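Trainee: I am new to this structure and would like to take a close look at a single part of it, together with whatever that part touches. Could you walk me through one helix with care?

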Amino acid sequence: MGRKPAAKVGLDEQKPDTGRCGWVIWPWTETPHNHPEAATQYLMEQVCDRANFNQAYKRVKDNKGAPGVDGMTVEGLRKWLSTRKDELLASLLDGTYQPQLVKGVRIPKSGGGMRQLGIPTVRDRLVQQAFLQVLTSIHCCPVNVK
């Protein structure tokens, strides 16, 4: 007796479950490699999810850090987000987001000499943190494959 093929499920019809350790179980019957646009869209929706973005903001705020090339401080990020958050999220979802230049500073090395350090803007750090949280939840622990 043969198995009946499973119906394909679109992203708008079902959200994926997360397995052990947050691994994503894709909502469609084929692998995400067969649907790269859908996989990308799903991941971007997770990055831009309100809870994820709010958690990313908290992490950036807690980490503090120096302003980047735009001069915006971590404290200034909250005010900026109050008027521009929707615009930022839309640019991430539609693929038009452009990170800003990284501020280069030189810091002394313990053994002498100088080391180049790059400081992204707080807005870019927020976006990076939002991505990190989603990608870490997918790849948080190894899986035994037999």
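Mentor: What follows is a walk along one helix, helix 3, and then outward to the parts around it.

Please keep in mind that this is a predicted model, and that each value below is computed from it. Helix 3 covers residues 74-94, and what stands out is its span: a straight helix of 21 residues would span 30 Å at 1.5 Å a residue, whereas the end C-alpha atoms of helix 3 are only 26 Å apart. When you look along helix 3 with that in mind, you will find a kink of about 75°, centred on Arg84. For helix 4 the corresponding check comes out in agreement, because its 17 residues should span 24 Å at 1.5 Å a residue and its end C-alpha atoms are 25 Å apart.

Arg84 deserves a second look, since the side chain of Arg84 meets that of Glu87 in a salt bridge, at 3.0 Å from N to O. Both residues belong to helix 3 and stand 3 residues apart, about one turn of the helix. As for their surroundings, Arg84 is partly exposed, with a relative accessible area of 32%, and Glu87 is also partly exposed, at 48%.

Other residues of helix 3 are buried, namely Val74, Leu77, Trp80, Leu81, Leu88, Leu89, Ser91 and Leu92. The cover over these buried residues includes helix 1 (36-47), helix 2 (50-63) and helix 4. Just after helix 3 ends, Gly95 takes a positive phi of about 80°.

On the other side, the loop between helix 2 and helix 3 holds Lys64, whose phi is positive, near 55°, although the residue is not a glycine. Lys64 is exposed, with a relative accessible area of 58%.

The loop between helix 2 and helix 3 also leads us to helix 4. A search of the whole structure finds 2 salt bridges, and besides the pair within helix 3 there is one between the side chains of Asp70 and Arg123, at 3.9 Å from N to O. Asp70 lies in the loop between helix 2 and helix 3 while Arg123 lies in helix 4, so this salt bridge ties together parts that are 53 residues apart in sequence. Asp70 is partly exposed, at a relative accessible area of 30%, whereas Arg123 counts as buried at 15%.

Beside Arg123 in the sequence comes Asp124, which is likewise found in helix 4 (residues 122-138). Asp124 is buried yet has no salt bridge, and its nearest side chain of opposite charge, that of Arg123, is 5.2 Å away; a salt bridge would need a nitrogen and a carboxyl oxygen within 4 Å. Leaving aside residues up to four places away in sequence, Asp124 touches Tyr97, Pro99 and Gln100. The buried residues of helix 4 further include Val122, Leu126, Val127, Ala130, Val134 and Ile138.

As a contrast to these buried positions, consider strand 3 (residues 103-108), where the number of buried residues is 0 out of 6, so that strand 3 lies largely in the open. Strand 3 pairs with strand 4 (residues 114-119) in the antiparallel sense over 6 bridges, and one of the bridge pairs joins Arg106 to Gln116 in strand 4. The two strands, strand 3 and strand 4, form a hairpin with 5 residues between them, and in that turn Gly112 has a positive phi of about 100°.

Notes: Residues are numbered from 1 along each chain as its sequence is written. This is a predicted model: local features need pLDDT of at least 70, side-chain atom pairs count only at pLDDT 80 or more; totals for chains, interfaces and linings use all residues. Side-chain values use heavy atoms; hydrogens and water are left out. Helices (H or I, at least four residues) and strands (E, at least two) are DSSP runs, numbered from the N terminus. Buried means under 20% relative accessible area, exposed over 50%, partly exposed in between (1.4 Å probe, protein chains only). Lys and Arg count as positive and Asp and Glu as negative; His and the chain ends are not counted. Contact means heavy atoms within 4.5 Å. The expected span of a helix is 1.5 Å times one less than its number of residues. The bend at a residue is the angle between axes fitted to the seven residues ending there and the seven starting there. Two strands pair if DSSP finds at least two bridges between them.
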